[in-house]
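Please follow this tour with the structure open in a viewer. Each stop names what to select and then describes what is found there.

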Amino acid sequence: MALLIKGGTIVTSSEEFRGDILVRGEKIAAVGSGLDWKEEQTIDAAGKYVFPGGIDGHTHFGLSIRGARTASFDTTPAAVSGGTTTIIDFVPQPKGMSLLDASIKHRSEMVEGVSAADFGLHAMVMDAQPGIYDELPALVEAGIPTIKLLMAYKGTPFYSDDATIFKMLEATKKVGMLTMLHAENGDIIDVLEKRLISEGNTDPKYHAESRPPAAEIEATFRAVMLAQAADAPVFVVHVSCADAMAAVRDARGRGIAAFGETCPPYLTLDVGYLTKSHFEGAKYVCSPPLREKQNQQPLWQALQNGWLQTVGTDHCGLNFKGQKDMGRGDFTKIPSGFPGVENRLALLYSYGVRTGKLSLQRMVDVFATVPAKLFGLYRRKGSVTVGKDAGLVISDPDYRGKISAKTSLHGVDYNAYENFDQIGRVDKVFLRGKLSVHGGKFTGCLGQGRYMERETYTTAYTGGAKKRLHR
Ligand SMILES: [Zn+2]
């Protein structure tokens, strides 16, 4: 069965043109103008944009954080209805379990047969047993070429010290994997948290005070220097402030293969939200925390100029009632993170493209194309190209509305962007050729998402050539 999407404005990371897309089965079969075939179903996309399906390289579905569990994969229709056809989820590593076994468990118990979006998995170190470095070839074999370590959360399983990170960078380099780092100085935060609580400063806003920009900037600088010392690529997740962004940008200028992600909260929200009354500031607790507003413009500029490479969401579906409010009287007990997988495209378009901060091509690049390249999916996804999966988003630029929890599918009792103006809306989404959103409504089903074995960073980024990208 073939499908013809006619007359849309097709936007890729490098081009924008009016054209037609022929889809056969799960793949894009032709892209051109004046395509005309008889047998197919035709969809009129005149006046609409056609984007490649989004790839959100940073989600936490079904993750336990400080005694709370985030919304699970049965809420992934939120991703698809927001134009994200592929998610890459971080696999928690239970104590004593190998990284590979943790991935197999996460996939079979949580994701397989449930996810509405195609999915990949990132490994995440939570128990740095001596054997984890030897496991890397098996992870690559299993289609998991990325691994995250966290420099923050001292005294918890999430924390990794510099020795662990340096050894991991050296080991990942040998097999072509990409190391991802959560860069915040765990020691600074540990001291400040304890002091603030002992002084009776327990409100959500003190979460931000306990994690100052300097803690992130120092760790980001250390992250890129560890990568330089190991001569390995590194990817810094959720860069939240201007100077941390500069640390990643400047490292690239010095020839280090340093890449960085920022997230919609840091582009559109600021630290003031943490002071909302009735404990509602807890809704906005994430790590790194929301920053002063003056950081937003440099982050947009970084996306436009390619100084940062991707926008992921760090999606954590945590309810206010029963989860966020566990931290009343002690901000360190507020589970960190909030949802956003549904709103990524809408926020980038409304607050980036429509305000002139981001070109359409750059938006597609950070939303879909570079995540595909860096995370090893580019052979299949991330562009509107013949032979790739027909993950396609048809977006109506004339839509005007408001973001609201009432219309969200993310399974959470609030939306951090409540009442935000939204320009443009996802009208239709195709997941490997299958219509999954129609008229803005999710029409797909749970379980339609398929596991994506990903290629190593080096293979994917250089289009199959095994040569090193940097130096
Ligand atoms: Zn995260």
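**A helix crossing**

Begin with helices H4 and H7, where H4 passes H7 in a right-handed crossing. The coordinates belong to a predicted model. Select residues 162-175 for H4 and residues 213-230 for H7; their axes come within 9 Å and cross at roughly 50°. That angle makes H4 oblique to H7. To display the contact, show Asp162, Ile165, Phe166, Leu169, Glu170 and Lys173 on the H4 side, which meet Leu226, Ala227, Ala229 and Ala230 of H7. In an α-helix there are 3.6 residues a turn, so residues three or four places apart point the same way.

**The sheet**

Next, colour the strands. An open sheet is formed by 9 strands with parallel pairing, in the order S15-S14-S13-S12-S11-S10-S9-S6-S16. Strands S15 (310-311) and S16 (315-316) stand at the edges with a single partner strand each, so one side of each has no neighbour in the sheet.

Now select S9, residues 84-91. Is this strand enclosed or open to the outside? Of its 8 residues, 8 are buried, so S9 is largely enclosed by the rest of the structure. Strand S6 (residues 54-60) runs parallel to S9 and is joined to it by 4 bridges; within this pair, Ile55 stands opposite Thr86 of S9. Strand S10 (residues 118-124) also runs parallel to S9, and 6 bridges join the two. Asp89 has Leu121 in S10 as its bridge partner. To trace the connection, follow the chain from S9 through helix H2 (residues 99-111) to S10: this β-α-β crossover is right-handed.

Keep H2 selected. This helix lies across S9 and S10 and runs at about 145° to S10. Returning to H7, one finds that this helix packs on the sheet, where it touches strands S12 (178-182), S13 (234-236) and S14 (258-262). The direction of H7 makes about 170° with that of S13.

Add strand S11, residues 146-150, to the selection. S10 and S11 pair in the parallel sense over 2 bridges, and Met124 stands opposite Lys148 in S11.

**A second helix pair**

Select H8 (residues 242-253) and H10 (residues 296-305). How do these helices lie relative to each other? They pack at an angle of about 25°, with their axes 9 Å apart. That makes H8 roughly parallel to H10. The contact is made by Ala242, Met245 and Arg249 from H8 together with Pro298, Leu299 and Ala302 from H10.

**A buried cysteine**

Move to Cys286, which lies in the loop between helix H9 (264-268) and H10. Is Cys286 buried or exposed? Cys286 counts as buried because it has 27 C-beta neighbours inside 10 Å, and the threshold for a buried residue is 20 or more. Setting aside residues up to four places away in sequence, Cys286 touches Pro265, Asp314, Ser336, Gly337 and Phe338. A distance label drawn to Trp300, 14 residues away along the chain, should read 20 Å between the C-alpha atoms.

**The final helix of the tour**

Conclude with H11, residues 344-353. This helix is mostly covered, with 10 of its 10 residues buried. The buried residues of H11 include Arg344, as well as Tyr349 and Tyr351; Gly352 and Val353 are also among them.

Conventions: Residues numbered from 1 in each chain as written. Predicted model: local features only at pLDDT ≥ 70, side-chain atom pairs only at ≥ 80, totals over all residues. Buried ≥ 20, exposed ≤ 12 C-beta atoms within 10 Å, placed from the backbone. Pairing = 2+ DSSP bridges. Right-handed = clockwise from strand over helix to strand, strands pointing away. Axes fitted to C-alpha atoms, helices over the stretch in contact; angles between N-to-C directions. Parallel < 35°, antiparallel > 145°, perpendicular 65-115°, else oblique. Left-handed = near helix turned anticlockwise from the far one by under 90°. Contact = placed C-beta atoms within 7 Å.
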